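Here's a walk through one protein chain, taking in its sheet, its disulfides, a couple of side chains and a pocket. Have a look at the structure first, then read on.

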Amino acid sequence: MPPNVRAFMRVACPSALLIASLSACSPIVDVDAAADAVNPSCASVMIALPDQVAGNELRDTNSQATAAWGDPSQIVLRCGVQVPGPTTDACASVNDVDWIIQESTETDIWTATTYGRNPAVEVLFDPNQVASSTVLVDLGGAVSQVEQTEQCLSLNDTVDLPTEG
């Protein structure tokens with residue numbers, strides 16, 4: 001199981017596979033900080049985060065450059081994750097933000113990671129509980145605080161490669 005999904009599941013509600021304890025007081029969500037969470041650009045992302053994502057309220061977390069929405073948590077965000085390189089994974093462009101989408105083969109948790117932005121932002125969610133399109137639209141403004149330097153390419157895009165000779 002990938003480490004990000006393992007971290008997501010570590011404090012998961014067994015029946016729903018979601019983060020958080022079942023309690024009326026909405027305890028602080030335990031989220032592991034990403035390796036580059038101290039990147040100054042993450043502060044800009046965190047300040048711009050919406051109070052609601054896909055109808056879920058923002059909650060407190062215990063790590064720098066992390067956020068969670070819902071009780072139990074439906075969406076978890078970490079800024080400062082490893083910047084993805086070229087990949088054949090699915091890439092979706094939502095309101096001028098490119099996201100690499102990875103579906104876990106072991107759980108229902110999806111991971112969406114920004115592409116072409118450094119630091120990268122990772123969002124974990126269960127698409128059976130919240131719509132991926134809503135999550136990515138709601139978070140687009142915040143992650144747009146990090147400048148995009150590369151874009152996803154589709155099979156229809158052409159790339160000029162250097163020729164030998």
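## A tour of the predicted model

Let's start with a single serine: Ser104 has a relative accessibility of 18%, so this residue counts as buried, the cut-off being under 20%. Keep in mind that we're looking at a predicted model. Ser104 sits in the loop that runs between strand S8 (97–103) and strand S9 (110–114). What does its side chain find there? A polar atom of the Ser104 side chain lies 3.1 Å from the backbone nitrogen of Thr107.

Now for the sheet. Eight strands make up an open sheet, and if you read across it the order is S3-S4-S5-S6-S10-S9-S8-S7, with antiparallel pairing. Strand S3 (52–53) and S7 stand at the edges with a single partner strand each, so one side of each has no neighbour in the sheet. Further in, strand S5 (residues 66–69) and S6 run antiparallel and are joined by four bridges. Along that pairing, you'll find Ala68 opposite Val76 in S6.

Strand S10 (residues 120–125) carries Glu122. Is Glu122 buried or exposed? Glu122 is buried, at 5% relative accessibility. Its side chain isn't without a polar partner, though: Glu122 makes a polar contact with the side chain of Arg78 at 2.8 Å. Glu122 can also be placed relative to Gln82, which is 40 residues away along the chain, with 9.1 Å between the two C-alpha atoms.

On to the cysteines. How many disulfides does the model have? The count comes to two, and counting bonded cysteines along the chain gives the pattern 1-2, 3-4. Here they are side by side:

| Disulfide | S to S | S-S torsion | Handedness |
|---|---|---|---|
| Cys42 and Cys79 | 2.1 Å | about -85° | left-handed |
| Cys91 and Cys152 | 1.6 Å | about 60° | right-handed |

Take the pair of Cys42 and Cys79, whose sulfur atoms are 2.1 Å apart. This pair links distant parts of the chain: Cys42 belongs to helix H2 (residues 40–48) and Cys79 to strand S6 (residues 75–81), with their positions 37 residues apart in sequence. Both ends are tucked away by the accessibility cut-off: Cys42 is buried with a relative accessible area of 1%, and Cys79 is buried with 0%.

The other pair joins Cys91 to Cys152, S to S 1.6 Å. Cys91 lies in strand S7 (residues 90–94), while Cys152 is in the segment after helix H3 (132–143), so this disulfide ties together parts that are 61 residues apart in sequence. Cys91 counts as partly exposed, with 33% relative accessibility.

That disulfide brings us to a pocket. Which residues line the second largest pocket? Both Cys91 and Cys152 are on the list, together with Pro86, Thr87, Thr88, Asp89, Ile100, Tyr115, Gln151 and Leu153. Sorted by class, the lining has six nonpolar, three polar and one charged residues. The space inside this pocket comes to about 210 Å³.

Definitions and conventions: Residues numbered from 1 in each chain as written. Predicted model: local features only at pLDDT ≥ 70, side-chain atom pairs only at ≥ 80, totals over all residues. Heavy atoms only, no water. 1 Å grid on protein atoms, 1.4 Å probe; cavity = no way out; pocket = protein on both sides within 12 Å on 5 of 7 lines; lining within 4 Å. Points joined across faces, edges and corners; volume = space filled by probe spheres on them. Nonpolar A, V, L, I, M, F, W, Y, C, P; charged D, E, K, R; others polar. Disulfide = S-S within 2.5 Å. Helix = DSSP H or I, 4+ residues; strand = E, 2+ residues; numbered from the N terminus. Buried < 20%, exposed > 50% of the residue type's maximum accessible area, 1.4 Å probe, protein only. Polar contact = N/O pair within 3.5 Å; in protein donor to acceptor, adjacent residues only side chain to side chain. Pairing = 2+ DSSP bridges.
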